[in-house]
Amino acid sequence: MAEAVATPLVRQRSRVVRRRIPWIAIIISTTLILMALGGILGPSINPRSPTATNAAIRLSPPSAQYPFGTDELGRDLFTRALYGLRTTLLIALPGGLIGTVIGSLLGLIGGYRRGMVDFLLQRGVEIITAIPSLVVASVVVAVLGPGRIQLIGAVALSLTPVGVRVMRAAALRVSESLFCEAARALGASHWRIMLRHVLPNCLGPVAVLASLNLGAAIFVETGLSFLGLGVQPPNPSLGNMLTGAASLYFSRAPWLVIFPGLIVTLMILCFNILGDMLADYFDPRLRSQTNA
Amino acid sequence: MFVQYLIRRALGGFAVVLLATFFVFIFIRIAGDPAALIVGGTGENITINPQRVEQVRQELGLDKPLIVQFFTFLSGLVTGGLGNSYVTGRPIADELSVRLPLTIEIAFLSEFVAWIIALPLGLFSALRRGRFTEGLTRVFFFIASAIPAYWLGLLVLIAVLLIFGWRPPLGLVPPTQNLAVHLQQIALPVVVLGFVLAAGLVRFIRNAVLEVLQEPFIQVARAKGLAESTVVFRHVLRNAFAPTLAFSGLRVGFLLGGVVIVETTFNLPGLGLFFVDAVARRDFPVIQIAVLILGTSFVIINLLTDIVCSLLDPRLRERG
């Protein structure tokens, strides 16, 4: 089993070197890095305020001075988008990562231990999957309120079941392999086998999962904020920039709608493509069949 | 037996929904006192009259033990008394009788549009394997799965307005009153949601068809001289259909989440908008009922797809 996993990886790597330059990977990672930098550094480099109003320039179209235009109160949309990006990333990234980690740890335990633990976990997963993830997150917000920590928890909870399912399937497969049996025969503890033997052999699916989950986390956070349940105005979030004024003025000022949504879409797109490339990389057997 | 298997699944499914409702129920009551919310509103600085809170608590039965409250809630479900909204005071059942049909309509039509987009695209790209079709489905898949429905909805509204100078008529008209206007109001959200849903479906259909094409019985069908169209429609599609149906059954949660989003984007007063408003105002009875309905529809639809799949594919009947 260990060999079967390891050899194609090595062969794959050498083939990649001989191939042409992976432009898509470069473009995607550049975009993601730029977005992250924009979110982290943007607000501190850009001297403008996201909430400063200026009636003289209200609803002005994109220009050299205001690259994304201004809104109905004359606020600079580019600055607001930078702050919104920061807010979105500060909720979606921790939320997505926490959801992935908790989900895969639970899935690891369920897939390895099976029995009662697994049964209960599976039922828990079923309960959450029976309800749309956006609705799960909304219920959390309804009860705990729309603060940043609560939003991170809401995003994480809504993503946990996917992690459990993916990781459980992988752990079930790996824990049946000979090297796990060998470790057990040598007297290794359950935790040691899980963390040292099973987990490292499930890293492929986890990497794919993490990437897709980060995209999904951005989707859930911006969706919540769009529905008015997430980040509350006047704090800008990429989701709540599309509600309120944007939905009233979009016919006169389409830029109110276009830019925030474009950033969200680009980020989700990048994470999805990244997840897909990771899936190809870790499981080349699927390459010929399931590429679509 | 297959029937026993179905019954077991149905019971399990409803147990899951009941548990989900129970958790939401407990969660809400642990987090805060609904009576204080009703009296004080959601504002932070409003002084709350403790006597009034106690009175409301008794009126709503919130002073009873949690288990008693939960069973009161359950018996209400059976008798049809779903309770009143905390915010408007109106019976929830009345609201639902108006809102549910709209939501069901949007959900079904969107799923239908998704199939109409995905079936030809997925089939075509699987049957004519090549760089072009592969690229086409790839691009479609990535774009459609990355665009959030709310943004696409707004973009479509802008595009339609700027190009045709048209926007959907305001104020929802029921189909019985004026079908033409109703369809105009519902067309855009349905197309938007259908497009978003089609993303995963295209990819799944393509893979399902590719898998069936490798089966020996396809080779047999070709070898005995069947026309390629007969092979595709009688054998490939039929066998690829069942797994695709099961797949879309499992994605009902995604569909319903999408309905919540498009209802808000296009301001259509269905269950989704009802739920969103309820969350914003912390109208807990409504949230509870909405979760229950969403969960139940997930269970029911998956049972139905299970039955249909086993009718289509006798091999599936043997499990259980």
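**Note on a predicted two-chain helical model**

1. A:R114 lies in the loop that separates α4 (77-113) from α5 (115-129) in chain A. The model is a predicted one. The phi angle of A:R114 is near 50 degrees, a positive value in a residue other than glycine. Most residues other than glycine have a negative phi. A:R114 is partly exposed, because its relative accessible area is 33% and the partly exposed class runs between 20% and 50%.

2. A second positive phi value deserves a look, this time in chain B. B:N267 sits in the loop between α11 and α12 of that chain, and its phi is near 55 degrees, again in a residue other than glycine. Is B:N267 buried or exposed? With 58% relative accessibility, B:N267 counts as exposed, since the cut-off for that class is over 50%.

3. The secondary structure of chain A consists of 13 helices and zero strands. Chain B likewise comes to 13 helices and zero strands. The C-alpha atoms of chain B fill a box of roughly 85 × 60 × 35 Å along the principal axes.

4. Burial and surface can be given chain by chain. Chain A has 292 residues, of which 50% count as buried, and it exposes about 13400 Å², with carbon and sulfur atoms supplying 69% of that area. Chain B has 320 residues, of which 48% count as buried; its exposed area is about 16000 Å², and carbon and sulfur atoms supply 66% of it.

5. Contacts within each chain can be sorted by separation in sequence. Among the contacts of chain A with a separation of 6 or more, 71% are between residues 24 or more positions apart. For chain B the corresponding share is 72%.

6. The largest nonpolar core has 146 residues. Which residues touch the most other members of this core? They are A:V135, A:I263, A:M267, B:L96, B:I106, B:F275 and B:I287. Helix α8 (residues 179-213) of chain B gives the most to the core, with 16 residues. A second, separate core holds 13 residues, including A:Y112, A:M167, A:M194 and A:V206. In soluble globular proteins, nonpolar side chains tend to be buried together.

7. A:V135 shows how the chains meet. Leaving aside neighbours within four places in sequence, A:V135 is in contact with B:V260, B:F275, B:V291 and B:L294. One of these partners, B:V260, has a backbone oxygen that lies 2.8 Å from a polar atom of the side chain of B:T264. B:T264 is in helix α11 of chain B. When residues up to four places away in sequence are not counted, B:T264 touches A:F226, A:L227, B:L273 and B:V276.

8. How many residues of each chain take part in the contact between the two? The count is 49 residues of chain B and 42 residues of chain A. About 4100 Å² is buried between the chains, and carbon and sulfur atoms give 76% of this area. The interface has two salt bridges and six residue pairs in polar contact, both residues of each pair being at pLDDT 80 or more. On the chain B side, the helices that each supply at least two residues are α1 (2-31), α6 (131-146), α7 (149-164), α8, α11 (252-265), α12 (271-281) and α13 (284-312).

9. The structure holds ten salt bridges over all chains. A:D276 lies in helix α12 (residues 255-282) of chain A and B:R138 in helix α6 of chain B, so this pair joins two chains. Their side chains meet in a salt bridge at 3.0 Å, N to O. A:D276 counts as buried at 11% relative accessibility, whereas B:R138 is partly exposed at 25%. A network of salt bridges links A:D276, B:R138 and B:R203.

10. Two further salt bridges are in chain B. B:R90 pairs with B:E95, and the closest N and O atoms are 3.2 Å apart. B:R90 counts as partly exposed at 41% relative accessibility, while B:E95 is buried at 13%. The other joins the side chains of B:E228 and B:R222 at 2.9 Å, N to O. B:E228 is partly exposed, with a relative accessible area of 41%, and B:R222 is partly exposed with 39%. Side chains of opposite charge can pair when their charged atoms come close.

Key. Residues numbered from 1 in each chain as written. Chains lettered and ligands numbered in written order. Predicted model: local features only at pLDDT ≥ 70, side-chain atom pairs only at ≥ 80, totals over all residues. Heavy atoms only, no water. Core = buried A, V, L, I, M, F, W, Y, C linked by side-chain atoms within 4.5 Å. Buried < 20%, exposed > 50% of the residue type's maximum accessible area, 1.4 Å probe, protein only. Helix = DSSP H or I, 4+ residues; strand = E, 2+ residues; numbered from the N terminus. Contact = heavy atoms within 4.5 Å. Areas by Shrake-Rupley, 256 points an atom, 1.4 Å probe, with all protein chains shown as cover. Buried area = accessible area lost by both parts, 1.4 Å probe. Salt bridge = Lys/Arg side-chain N within 4 Å of Asp/Glu carboxyl O. Polar contact = N/O pair within 3.5 Å; in protein donor to acceptor, adjacent residues only side chain to side chain.
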